[in-house]
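Thanks for sharing this one with me. Here are my notes, written as numbered points so that you can follow along on the structure.

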Amino acid sequence: MALAWQSPVYLERKRLLDLLPEEPGFAVWLEAPAGFGKSVLAGQLAARLGLRTLWASALLGEPRALLAQALGLPQEAPWGAVVAALGEAPSLVVLEDLTGEEALSPLLRTLPCLLVLASRRPLPYPELPKLLAEGRLVHLKAPDLAFTEEEAEALFGGREGWWEAHRATGGWALPLFLSAFTGRPPEPMALLQGLRESLSEEEFQEGLLLAALPLLPAEKALPVTEGLFQKGLLQRVPAGYRLHPLLREMAQRALRAEVQEAVRKAEGRLPPELLAEALFGAGLEEELLQLLESPIPLPIPAERLLAWEGLLRRGGPRARLRLGEALLQVGRREGFALLEPLAQGEDPALALQALGHLAYYKAEPLLGKALPEARAHLERGLALLDRVGGELAGRFLNDAARVPYEEGRPEEAEALLEEALRRLPPESPYRLAPLTNLAFLRFEREGSLLGRIAALEEAVGRLGPLGPANLAGHLRDLGRLYLLLGEREKAREHLRRAQEAEGHPLAALEARMLLAHLEEDAEALARLVAQAELLENPYLVERGKALLAGLRRDPGLLEGLPGFLPALARALLREDPALLPPCPEEREERLYWHAARYRLLREEEDLEALLSLTDAGERVLPGLVPLDLLPRKRPELARAYPLEEVLRSGWKEAVALRLAEIPPFQVEVLGSFRVRNPLGGVELKGKAREVLALLLLGLPREEVAFALWPDLSEEAALNNLYVWLNRLRKALEPWGLPTYLGEEGLKHLACDLHALEEALRREDAEAAFALYREPLFPGLDHPLLDRKREEVFHRVRALFLKKGEPRYLERLLELDPLDEEALLPLVERCLARGQRARALAHLERYRRRLWEELGERPSPEVEALLRELGG
């Protein structure tokens with residue numbers, strides 16, 4: 001049948017149509033599940049081309065017989081007769097719902113038409129790889145056919161909801177279209193049935209499993225998982241794969257029993273913590289409780305366990321043990337009530353785990369620090385150590401070491417951690433925790449700050465699935481320590497990760513506070529302080545209010561507030577050293593204390609204390625002492641400060657020590673004239689731009705002077721040049737030391753013109769394509785620059801013509817629409833790819849511009865091509 005697909009309801013997607021060939025001898029293969037717009041795209045191609053169109057579905061019969069009938073031939077006519085009839089007039093043939101079992105080889109070998117194949121699965125025809133290699137086949141899959149955000153917005157026609165719909169469907173055309181058309185979610189059963197028909201049974205079962213999981217980690221994916229992604233049904237994120245939200249919701253609603261069975265079958269494949277997620281997602285609550293009662297590690301983040309709180313409260317002792325710890329991790333003290341009965345139980349393994357949690361959280365400042373109770377839990381746990389295995393004993397000792405540390409007995413804490421390492425098996429992943437804690441103790445006792453940072457970085461990289469409760473805290477600590485070192489970007493990166501990490505919400509809240517302070521967002525910080533007040537957490541309230549008072553320069557926020565950090569902030573804001581609290585014992589707090597005292601009194605003994613308290617030396621200064629407060633007789637102390645800050649300071653002695661670190665200055669002269677040094681954009685006035693442009697050409701000073709002031713004597717011209725060179729130097733090097741402008745000309749620069757010339761020398765057309773923009777040296781008028789413009793253009797043109805790729809030729813026509821040397825090979829490439837209409841469009845555009853601008857007709861060669869193509 002002939003088909004015209006011009007309904008205004010469907011969005012014409014030029015992005016896809018421009019990829020398709022337009023004449024017989026070529027093929028298109030659209031491979032995607034149901035609902036990805038294969039038929040619509042084929043119909044729009046038919047409407048665009050206006051060819052005789054024959055459309056057949058393999059669901060209605062053998063394609064050969066259907067095509068024969070459409071061509072007026074007997075239904076039993078052989079392929080030879082069908083192929084001959086197709087060749088009698090330019091034709092588009094669309095064959096839908098192909099499975100690979102159809103006999104299409106005669107049609108694929110001859111291609112008497114423009115052929116579109118549409119399938120939901122891979123097609124095994126041996127001719128397809130050959131056509132692909134010859135450039136005669138365009139193969140589009142689900143990710144190609146999926147709507148982009150721009151297309152989704154256009155589909156909705158300016159109405160709201162397009163972004164949410166695109167996100168929910170992943171660009172899947174049918175539900176996206178239905179959402180745009182009806183404003184309601186699509187009917188799920190029809191879509192699910194289409195998917196079942198589009199997928200193998202193995203693929204469908206994998207999709208059912210993913211319907212119960214928020215995410216399948218990449219390491220647990222199978223080839224069938226990747227296959228579902230290639231079909232456009234899964235989203236791939238750095239951590240793994242997930243089903244599109246719409247599909248997940250539909251499967252959960254309409255295929256609940258099948259989803260549950262898929263989860264049961266995956267029990268041997270998924271690790272326990274992932275199986276727990278799947279069981280919960282599938283609604284298999286009793287089976288989830290059985291899993292939670294198993295005496296195995298289940299590293300599930302606290303936030304996730306609390307989502308199952310009602311279920312866990314109905315469970316047995318191990319479920320309540322897991323819930324009790326999760327409650328304490330988020331700052332909810334009712335976790336103590338769940339753990340205390342378990343600590344009295346007869347099972348030594350269960351009791352020891354409960355005692356370890358109780359000892360740790362009773363000593364935790366974030367939960368009030370009840371040290372006598374924590375010590376009692378520690379002593380009772382020590383009596384049980386020999387009744388359990390090394391793994392449980394080591395984990396208890398690591399947790400319990402928090403008690404003597406908070407009591408001010410670091411030697412005992414270190415001894416407990418060493419004993420934990422002695423008892424933990426060599427291959428145990430839990431050894432990482434005592435090693436990290438020992439690094440913290442070495443920092444406290446010896447000042448090994450760099451060692452502590454290294455241990456935390458290693459721990460963050462190796463925590464894996466057993467450490468969700470530690471990750472947020474480690475990342476928060478790293479962010480805080482990098483702030484000490486003045487490494488703000490590293491601090492920002494770790495704090496952002498900490499605020500998003502699951503497993504320790506209180507640490508994540510502190511990270512959000514530090515990040516809001518770093519970004520000077522007082523409103524966000526005030527909201528976080530209010531959140532800490534709702535949690536009734538004194539430590540976080542004190543920290544948050546101290547940070548907020550500093551941002552708002554308001555000591556009134558600290559009135560009546562106890563604690564070290566508020567006292568320190570109060571003294572700084574009121575500039576009163578008498579308000580400083582006593583010197584603390586913890587090393588990190590001592591750093592803050594000496595820094596505050598130095599800022600208030602400028603006594604060098606405090607500066608020396610900062611330099612000697614850690615193995616980082618002067619590296620701690622940028623996070624503690626403003627650069628302008630350093631003694632000017634000690635420029636070496638500025639080596640750790642950000643280079644830009646030192647350059648802006650005007651402290652020449654400090655800049656001189658950092659000259660080797662100063663990066664090149666950046667110059668753009670292709671399409672724009674922009675200059676940047678490490679401090680930002682540089683504004684050049686008057687003759688300075690011309691002086692810089694001629695120096696970029698490599699001219700010596702004498703030639704630059706003569707080129708700019710040809711009517712003056714040599715001495716006068718050089719005097720003028722020296723004046724402008726001084727102005728240029730002040731603009732490029734405001735820190736006052738020679739960096740970019742030497743006696744021999746420019747140095748230490750990165751210029752797009754020089755990069756282009758290097759690309760042309762290497763005949764690197766891709767780099768030249770990316771770099772070349774017109775005009776060169778915009779806004780400047782000089783014969784030497786005109787000569788350079790002409791030289792560069794001709795070199796670029798010669799390279800693009802030599803390479804001959806369509807996009808290079810199209811670029812030349814953008815630069816000069818009347819460049820016939822670029823036009824003719826471009827038309828040849830279009831014809832070779834079956835893009836007859838595009839070739840004709842290029843020729844027509846050339847003919848029109850030639851007549852409008854010059855009043856001339858095309859060359860005989862162009863005229864011949866126009867006649868051949870029907871122009």
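1. Let's begin with R48 and D18, which form a salt bridge whose closest N and O atoms are 3.3 Å apart. R48 sits in helix α2 (residues 38–49), while D18 is in the loop between α1 (14–17) and β1 (27–31), so this pair ties together parts that are 30 residues apart in sequence. Please keep in mind that you are looking at a predicted model.

2. Are these two partners buried or exposed? R48 is partly exposed, at a relative accessible area of 33%. D18 is partly exposed as well, with 21% relative accessibility; the cut-off for buried is under 20%.

3. Now look at another salt bridge, between the side chains of E23 and R836, with 3.9 Å from N to O. E23 belongs to the loop between α1 and β1, and R836 to helix α47 (residues 836–854), so the contact ties together parts that are 813 residues apart in sequence. With a relative accessibility of 16%, E23 counts as buried, whereas R836, at 35%, counts as partly exposed.

4. A third pair to find is E605 with R597, whose side chains also meet in a salt bridge (3.9 Å, N to O). Here E605 is exposed, with a relative accessible area of 56%, but R597 is buried, at 18%. Salt bridges can also share partners: R452, R476, D477, R480, E510, R543 and E588 are joined into one network in this way. How many salt bridges does the structure hold? The count is 77. As background, side chains of opposite charge can pair when their charged atoms come close.

5. Next, turn to strand β3 (residues 91–98). Seven of its eight residues are buried, so β3 is largely enclosed by the rest of the structure. Which strands does β3 pair with? One is strand β2 (residues 52–57), in the parallel sense over six bridges; another is strand β4 (residues 114–119), again in the parallel sense, over five bridges. To find these pairings on the model, look for S57, whose bridge partner in β3 is E96, and for V94, whose bridge partner in β4 is V116. Between β3 and β4 the chain passes through helix α5 (residues 105–110), and this β-α-β crossover is right-handed.

6. Helix α8 (residues 149–156) is a nice one to view end-on. Its residues E151, A152, L155 and F156 are buried. Seen down the axis of α8, the buried residues fall within an arc of 135°, so they line one face of the helix. The general background is that an α-helix has 3.6 residues a turn, so residues three or four places apart point the same way. After α8 comes G157, which has a positive phi, near 60°.

7. Finally, step back to the whole chain. It is divided into domain 1 (14–145), domain 2 (187–259) and domain 3 (664–751). The C-alpha centres of domain 1 and domain 3 are 63 Å apart. Separately, an unreviewed UniProt entry places the feature "domain: Bacterial transcriptional activator" at residues 751–870. Over residues 751–870 the model shows 75% helix and 1% strand, and the end C-alpha atoms lie 48 Å apart.

Terms used. Residues numbered from 1 in each chain as written. Predicted model: local features only at pLDDT ≥ 70, side-chain atom pairs only at ≥ 80, totals over all residues. Heavy atoms only, no water. Buried < 20%, exposed > 50% of the residue type's maximum accessible area, 1.4 Å probe, protein only. Helix = DSSP H or I, 4+ residues; strand = E, 2+ residues; numbered from the N terminus. Pairing = 2+ DSSP bridges. Right-handed = clockwise from strand over helix to strand, strands pointing away. Salt bridge = Lys/Arg side-chain N within 4 Å of Asp/Glu carboxyl O. Domains from an automatic or database assignment. UniProt positions renumbered as here; feature names shortened; annotations may be inferred. Arc of directions from axis to C-beta.
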